[in-house]
Amino acid sequence: MFNIGSLKFKRISDGRGDLTPIESETDVPFVIRRVYYMTAVDSDVVRGRHAHRALHQVLVCLNGSITVTLDNTVERQEVVLADPTVGLYVGPYVWREMHDFSADSTLLVLASDHYDESDYIRGYDVFQSEARKHFDE
Ligand code: TYD
């Protein structure tokens, strides 16, 4: 699916536990300008339900498991994140829904820019028409 990709980070294990470094521009395909994470999300909650016009993000499930549904107007895909060395790259104009958070889950998000509400598309119909125009260009 275009505008979506799987990234694999290295794990450094030396008997004291595991360490995974993620470097801006090297391990993710953009400059990281914001980091946020979600914890204590109930299993019946659906988060996201939006797309971005310009933002690039990488989602990493640090603990537990989380399911992400992605939609680029052409196809829909479900990805289960359950490995802290796997990143899910999500580019602009991809509708995302995060759901089925396990009780102990932590979702880390690396983002290419600061928080900007005007970059959000929060209505699915608006997303469909804007995304089709964007991808046709
Ligand atoms: P929201 O975008 O609804 O989360 P999601 O769609 O991923 O479930 O964000 C929840 C609230 O947090 C909302 O009031 C905006 C605020 N927020 C920030 O202030 N900074 C941020 O970086 C993010 C992602 C959200």
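## A guided tour, starting at threonine 67

Start by selecting threonine 67, which sits in strand β7, residues 66-71. Strands here are DSSP runs of E with at least two residues, numbered from the N terminus. This is a predicted model, in which local features need pLDDT of at least 70, side-chain atom pairs count only at pLDDT 80 or more, and totals for chains, interfaces and linings use all residues. Residues are numbered from 1 along each chain as its sequence is written, and side-chain values use heavy atoms, with hydrogens and water left out.

**Stop 1: around threonine 67**

Is threonine 67 buried or exposed? Threonine 67 counts as buried because its relative accessibility is 10%; the cut-offs are under 20% relative accessible area for buried, over 50% for exposed, and partly exposed in between, with a 1.4 Å probe and protein chains only. Now show its contacts, meaning heavy atoms within 4.5 Å. Leaving out residues up to four places away in sequence, threonine 67 touches Glu78, Val79, Val80, Glu97, Met98, His99 and Asp100.

**Stop 2: across to valine 80**

From that list, pick valine 80, a residue of strand β8, residues 76-81. Valine 80 has a relative accessible area of 60% and is therefore exposed. Apart from neighbours within four places in sequence, its contacts are Ile66 and Thr67. If you draw a C-alpha to C-alpha distance from valine 80 to cysteine 61, you should read 9.3 Å, for a separation of 19 residues in sequence.

**Stop 3: the cavity**

Next, look inside. The structure holds one cavity of 30 Å³ or more. On a 1 Å grid over the protein atoms alone, a cavity is a set of points where a 1.4 Å probe fits but cannot get out, and lining residues have an atom within 4 Å of a point. Grid points are joined across faces, edges and corners, and the volume is the space filled by probe spheres set on the points. The largest cavity holds about 40 Å³ of space.

To see its walls, select Tyr36, Met38, His50, Gln57, Leu59, Arg96, Met98 and Val109. Which strands supply at least two residues each of this lining? They are β4 (34-39), β6 (57-63) and β10 (95-99). Coloured by class, the lining shows five nonpolar, two polar and one charged residues. In this scheme Ala, Val, Leu, Ile, Met, Phe, Trp, Tyr, Cys and Pro are nonpolar, Asp, Glu, Lys and Arg are charged, and the others, Gly among them, are polar.

**Stop 4: the ligand**

Turn to the ligand and select its surroundings, residues with a heavy atom within 4 Å of it: Arg34, Tyr36, Met38, Arg47, Gly48, His50, Tyr115, Tyr120 and Arg122. Three side chains deserve a distance label here. In arginine 47, a side-chain N or O atom is 2.7 Å from an oxygen atom of the ligand. For histidine 50, the corresponding distance between a side-chain N or O atom and a ligand oxygen is 3.2 Å. Arginine 122 places a polar side-chain atom 3.1 Å from an oxygen atom of the ligand.

**Stop 5: tyrosine 115**

Stay with the ligand's surroundings and centre on tyrosine 115, in the loop between β11 and β12. Beyond residues up to four places away in sequence, tyrosine 115 touches Arg34, Tyr120 and Arg122. The C-alpha atoms of tyrosine 115 and arginine 34 are 7.7 Å apart, although 81 residues separate them along the chain. The side chain of tyrosine 115 also makes a polar contact of 2.4 Å with that of glutamate 117. Such a contact is a pair of N or O atoms within 3.5 Å; within protein, one must be able to donate a hydrogen and the other to accept it, and residues adjacent in sequence count only if both atoms are side-chain atoms.

**Stop 6: serine 112**

Step back to serine 112, in the loop between β11 (106-111) and β12 (120-121). Serine 112 is buried, at 14% relative accessibility. Its contacts, not counting residues up to four places away, are Phe30, Val31, Arg33, Ala54, Leu55 and His56.

**Stop 7: two backbone angles**

Finish with two residues that are not glycine. Glutamate 25, in the loop between β3 (18-19) and β4, has a positive phi of about 70 degrees. Glutamate 25 is exposed, at 57% relative accessibility. Alanine 40 lies in the loop between β4 and β5 (47-52), and its phi is also positive, near 55 degrees. With a relative accessible area of 71%, alanine 40 is exposed.

Conventions:
Helices (H or I, at least four residues) and strands (E, at least two) are DSSP runs, numbered from the N terminus. On a 1 Å grid over the protein atoms alone, a cavity is a set of points where a 1.4 Å probe fits but cannot get out, and a pocket is an open set with protein on both sides within 12 Å along at least five of seven lines; lining residues have an atom within 4 Å of a point.
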